[in-house]
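Here's a quick briefing for anyone meeting this structure for the first time. Have a look at the sequence and the model, then read on.

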Amino acid sequence: MPRLPAGRSLGRMVFHRILLGIDALVALVFAWFFLEGLGDGTVSSFNGLLWFGTLATLAVVLGGGIALGRRGRIAAANALLLVLALPAVGFVLFFMLLLVGSGGRWQ
């Protein structure tokens, strides 16, 4: 196992990588919907600014989390990555609750 620099705990680093993975997955989903929208024409000049803002925000969160993590500011990086990861995990848990709790009845 590689030695960690002073001030870094293994738990924070693992948590950082988990958050980074969740955020990367969210960014991939948004990018996929964006590219699909470009293909079928639903992304247009009418809503292009909204898409640009959303994708730019995702890039800032991911890039900022990576940059802060590389500079050794793991707590700040985790806080930034949590801004996107918490709603994403909540969304997934909510839909899992809907699927499991509905008992197959969708009326």
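**The largest pocket and what surrounds it**

Let's start with the largest pocket: helix H3 gives the largest share of its lining, six residues. Keep in mind as you look around that this is a predicted model. The bullets below go through the pocket, then the fold, then two buried residues.

**More on the pocket**

- The volume of the largest pocket comes to about 250 Å³.
- Two elements each give two or more residues to its lining, namely helix H1 (10–40) and helix H3 (74–101).
- If you want to find the pocket on screen, pick out Ile22, Leu25, Val26, Val29, Leu84, Pro87, Ala88, Val89, Phe91 and Val92, which line it.
- What classes of residue make up that lining? It has 10 nonpolar residues, with no polar and no charged ones.

**The fold and its overall shape**

- The protein has three helices and zero strands.
- Follow the chain along the sequence and you get the pattern α-α-α.
- The protein's radius of gyration is 18 Å, well over the 13 Å that the globule rule gives for 107 residues, so the protein is more spread out than a compact globule.
- Along the principal axes, the C-alpha trace spans about 55 × 40 × 20 Å.

**Surface, burial and contacts**

- About 7900 Å² of the protein is exposed, and carbon and sulfur atoms supply 73% of that area.
- Out of the 107 residues, 21% are buried.
- Take the contacts with a separation of 6 or more: residues 24 or more positions apart account for 65% of them.

**Two residues to look up: Asn78 and His16**

- Asn78 sits in helix H3, while His16 is found in helix H1.
- Is Asn78 buried or exposed? Asn78 has a relative accessible area of 7%, and it counts as buried because that is under the 20% cut-off.
- His16 is buried as well, with a relative accessibility of 7%.
- Leaving out residues up to four places away in sequence, Asn78 touches Arg12, Phe15, His16 and Leu19.
- With that same kind of neighbour left out, His16 touches Gly65, Gly69, Ile74, Ala77, Asn78 and Leu81.
- So which residue appears among the contacts of His16 and lies in helix H3? One of them is Asn78, which makes this pair a link between helix H1 and helix H3.

Terms used:
Residues are numbered from 1 along each chain as its sequence is written. This is a predicted model: local features need pLDDT of at least 70, side-chain atom pairs count only at pLDDT 80 or more; totals for chains, interfaces and linings use all residues. Side-chain values use heavy atoms; hydrogens and water are left out. Helices (H or I, at least four residues) and strands (E, at least two) are DSSP runs, numbered from the N terminus. The radius of gyration is taken over C-alpha atoms; the globule rule is 2.2 Å times the number of residues to the power 0.38. Buried means under 20% relative accessible area, exposed over 50%, partly exposed in between (1.4 Å probe, protein chains only). Contact means heavy atoms within 4.5 Å. Accessible areas come from the Shrake-Rupley method with a 1.4 Å probe; for residues, only the protein chains shown count as cover. On a 1 Å grid over the protein atoms alone, a cavity is a set of points where a 1.4 Å probe fits but cannot get out, and a pocket is an open set with protein on both sides within 12 Å along at least five of seven lines; lining residues have an atom within 4 Å of a point. Grid points are joined across faces, edges and corners, and a volume is the space filled by probe spheres set on the points. Ala, Val, Leu, Ile, Met, Phe, Trp, Tyr, Cys and Pro count as nonpolar, Asp, Glu, Lys and Arg as charged, and the others, Gly among them, as polar.
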